[in-house]
Amino acid sequence: DYIVLAEFDIDTGSTVRAIYPNNIPGYRVDWFAEYMLPEGAHNRDLDYTYIFLNRTNHHVDEEFWTIPRDHSSTNELSISNEKKNDSPFLYGINMVKTKYDSSVRRGAIVKALCVFTKYPFVEVFKKPLEMALEKYFCHPSVEVLQYFYERLNDMKVSLLPRPDLLEQCLMRRGVCYDPVAEQSNDYQPKSWHRMMNFTFDNVSRILSLPIYRTPDEVGDVNISNLVRTFGEPVMRIYHAILTKQRVLFVGYNHAAGDLAQIVLSAVAMVAPPMTNVIRRTFPYANLSDLQFLEVEGYISGVTNPMFQQHDNWWDLLCILDLPNCTGHIYSAEERKLEDGSGLSFGNSKSSSSSSSSSSSSSASTSYEDSLHYGVDSKFIQGVISGIGARIGEDWVRQQFYDYTSAILSHAQDLGGMYLNSDKLNDKTKRFLDANAARISVVDKTSEFLSLPTHPFVWGYNDADVIHERNAQNEITGPAAEIDIVPTKLFPMSEDDHVSTVDDSETPKSPVKEATINNFYDGILLKSYVRKLQYEVNIDSNDEAALYYSYLDCRLQSESSMQGLLVLLPESIGGLFPIAVGLFNSNPTVRKCSVSILQNVRKYKSTASAFQSLNPFLIEAFDRQESKLKDGSLDKEIVAMREIQKRRRERQQERQLQGMKADGDETLYRKGYSDDDDDEYEEDEVGVESVQTRRNSLPISSSPATLNVSGGGSAATPLASILKKTLNFIG
């Protein structure tokens, strides 16, 4: 979109020399100079920074991150008419190059070239920037910028296919400790790299564009390096970003590029699945522009140590020592105590066990005494072990993704919408209790309120249907209170399963019908999946059959199966909650489990999830599938229903026997005979009075007659007694 050239002038300082093709609306030309020429850049041959513009405007791919698109539509990027006139969020990567020349004043020439684009994968332009900057050093003219601009736009990035939100999440689900067998190439991050040819001055380079990135994933992110730098206290940074505290990274005498990588890696701990965190991220900042301090919950990196002296500017201070791979984390209170005593406070990797000062321990108790400290500590210890075992960066990122997703999922479980708190397993209860205070803060943040209602799964027909708690808050109670029978999640095709539920006579809510149907459908489906994951003591004859039957009925299309898999990533067990139904005593549950797994296996994009099941589950599936094919499973269902029918009949018979005794007692005491049926009025003796007299009448054990003490027939026929009893109870 734009190319900006800046250089350092010995007389005027940092100066912007040219912007192509035109000035960037909303920004002064001289504003870019200080950001493009970071402090200490003249001490390095090459450095780079990231600059973000139009922070409050829409992302160019925003529609792809909110609702799944129609795969039959064109892959060309399209933005709604309302947003076409807005300048989109712009990502900038800036390359700084220093050439040492004794013939010039100060002995060096420093120039910087920056590319601004709508797309988040700006780091792929590092090499093209270096090539163009080298040419500009040799031929300093606007024509060089024009030529570079034209060569970049020859790549036609806007015509590339884009993964939607569902595809986005599905790509990540296969990342686990043991790689999933025969992964589907269509849904792996590597397959969403698109190779494009960039030619500059007759030199061609192949650029690999990671088009699977979300708008919050920018730069050469390396969470493993971040964890190695800070150790276990890195969870303080995680907590601060998640709860929108002001986080400042200080790297004195560090390269701006190294500092930016740490900042963007910190963002990657929570986003994705959190969204829009990039809007409050400043990979590099300086004293010439302090407007970032006014941004709520900013995450910023600076190289000037003056920032750390102003403890009212930040909530969490992270001082970097990257050459020694260490870092120190302080709150304002901890920093004040250290300045007074010169002691370390046990919140850096290098000194985590060395502090013995009573004042230092009291200063660092705010985080360590929090309820979530225990679960955070256990989580990060597992991550550190994985990093030590060299499992890989993808695995590390997936761990943070799942951990954050779990917190957000519980935050969205409003009023027990998804789970019954009384039935949660012990592990989930501990996690929920530990994160209760944190969730109470997270669910008020703007990023959380902008999430889809049931995140990362099952889109809507309407892009405006977002988090129901947001503006109008149309639904205030649990989903169980909504009297709507759900409609089909996705547009029905010829191959789609047709629900037998008749919606025609369903009472309608005054809330907008399309919105509430989609909302309730997603809530109910996600609720059932979550119950199978986290709840215990599920009744096999009632609850389990309901959950599996409904999932089997509603999840038939490929996109719906993808949605199911997003809720069941391999890193937390994959399809196990579905496959465990193969061992249920209820044949209906086993049949539905087989049907769901068959659908997972049927589609190319989801087949790898089935293949990743362990051999024990695969064998159980084969056994139940064979029983389904030969009809024996259906026979079990019929037999079970007969047993249930007989059980109900026996129960009804016992109830009738109880009512028979109560009813005849009433007839006896009232003095009614066989001929009084038409004259009996129900309101003369209420049901409550019958209940108080139950079991007070002596009867014989004869199955054919009922002997009543006192007046009336000595051997009243049972049919007559039942007739009078039924009349009595209406």
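How much of the accessible surface of the chain belongs to carbon and sulfur atoms? The accessible surface comes to about 33300 Å², and 49% of that belongs to carbon and sulfur atoms. Keep in mind as you look around that this is a predicted model.

Let's get the overall picture. The chain has 730 residues, and 53% of them count as buried. Its secondary structure consists of 26 helices and 14 strands. Now think about which parts of the chain meet each other. If you take the contacts between residues at least 6 apart in sequence, 70% of them join residues at least 24 apart.

A good place to start is the sheet built from five strands. Read across it and the order is E2-E1-E5-E4-E3, with antiparallel pairing, and the sheet is open. Strands E2 (13-20) and E3 stand at the edges with a single partner strand each, so one side of each has no neighbour in the sheet. On average, neighbouring strands here are turned by 20° against each other, if you ignore direction. As a bit of background, strands of a sheet pair through backbone hydrogen bonds, and the pairing can be parallel or antiparallel.

Now zoom in on the pairs. E1 and E2 are antiparallel partners, linked by seven bridges. To get from E1 to E2, the chain makes a hairpin through three residues. You can find isoleucine 3 opposite tyrosine 20 in E2. Even though E2 stands at an edge, seven of its eight residues are buried, so "mostly covered" is a fair description of this strand.

Elsewhere in the sheet, strand E4 (residues 90-100) runs antiparallel to strand E5 (residues 108-117), and ten bridges join them. Here the pair to look for is asparagine 94, which stands opposite cysteine 114 in E5. Helix H3 packs on this sheet and touches strand E1 (2-9), E2, E3, E4 and E5, with its direction at about 45° to that of E4.

Let's stay with H3 for a moment. This helix covers residues 126-138, which is 13 residues, so at 1.5 Å a residue you'd expect a span of 18 Å. Its end C-alpha atoms are 19 Å apart, and that agrees. Which residues of H3 are buried? They are Lys126, Pro128, Leu129, Met131, Ala132, Leu133, Tyr136 and Phe137. When you look at a list like that, it helps to know that an α-helix has 3.6 residues a turn, so residues three or four places apart point the same way.

Next, follow a single residue from helix H1 (residues 31-36), tyrosine 35. Is tyrosine 35 buried or exposed? Its relative accessibility is 6%, so tyrosine 35 counts as buried. Leaving out residues up to four places away in sequence, tyrosine 35 touches Thr49, Ile51, Asn94, Tyr284, Ala285, Asn286 and Asp289. Take asparagine 286 from that list: 251 residues along the chain separate it from tyrosine 35, but their C-alpha atoms are separated by 7.5 Å.

For a contrast, go to threonine 56, in the loop between strand E3 (46-53) and helix H2 (81-84). Threonine 56 has a relative accessible area of 75%, so this residue is exposed. Its C-alpha is 7.3 Å from that of phenylalanine 89, and the two residues are 33 apart in sequence.

Time to head inside. In soluble globular proteins, nonpolar side chains tend to be buried together. The largest nonpolar core in this model has 92 residues, and those with the most contacts inside it are Phe148, Ile237, Phe249, Met269 and Phe400. Helix H8 (residues 256-268) gives this core its largest share, eight residues. Beyond its neighbours within four places in sequence, phenylalanine 400 is in contact with Ile223, Val227, Met235, Tyr238, Met269, Phe379, Ile380 and Val383. There is also a second, separate core of 35 residues, with Tyr528, Tyr547, Leu565 and Ile578 among them.

Tyr547 takes us to helix H18, where it is one of the buried residues. H18 (residues 543-554) has twelve residues and reaches 17 Å from its first C-alpha to its last, close to the 16 Å expected.

Our last stop is asparagine 599, in helix H21 (residues 587-602). With a relative accessibility of 7%, asparagine 599 counts as buried. Not counting residues up to four places away in sequence, asparagine 599 touches Leu555, Gln556, Met561 and Thr606.

Terms used
Residues numbered from 1 in each chain as written. Predicted model: local features only at pLDDT ≥ 70, side-chain atom pairs only at ≥ 80, totals over all residues. Heavy atoms only, no water. Core = buried A, V, L, I, M, F, W, Y, C linked by side-chain atoms within 4.5 Å. Buried < 20%, exposed > 50% of the residue type's maximum accessible area, 1.4 Å probe, protein only. Helix = DSSP H or I, 4+ residues; strand = E, 2+ residues; numbered from the N terminus. Contact = heavy atoms within 4.5 Å. Expected span 1.5 Å × (residues − 1). Areas by Shrake-Rupley, 256 points an atom, 1.4 Å probe, with all protein chains shown as cover. Pairing = 2+ DSSP bridges. Axes fitted to C-alpha atoms, helices over the stretch in contact; angles between N-to-C directions.
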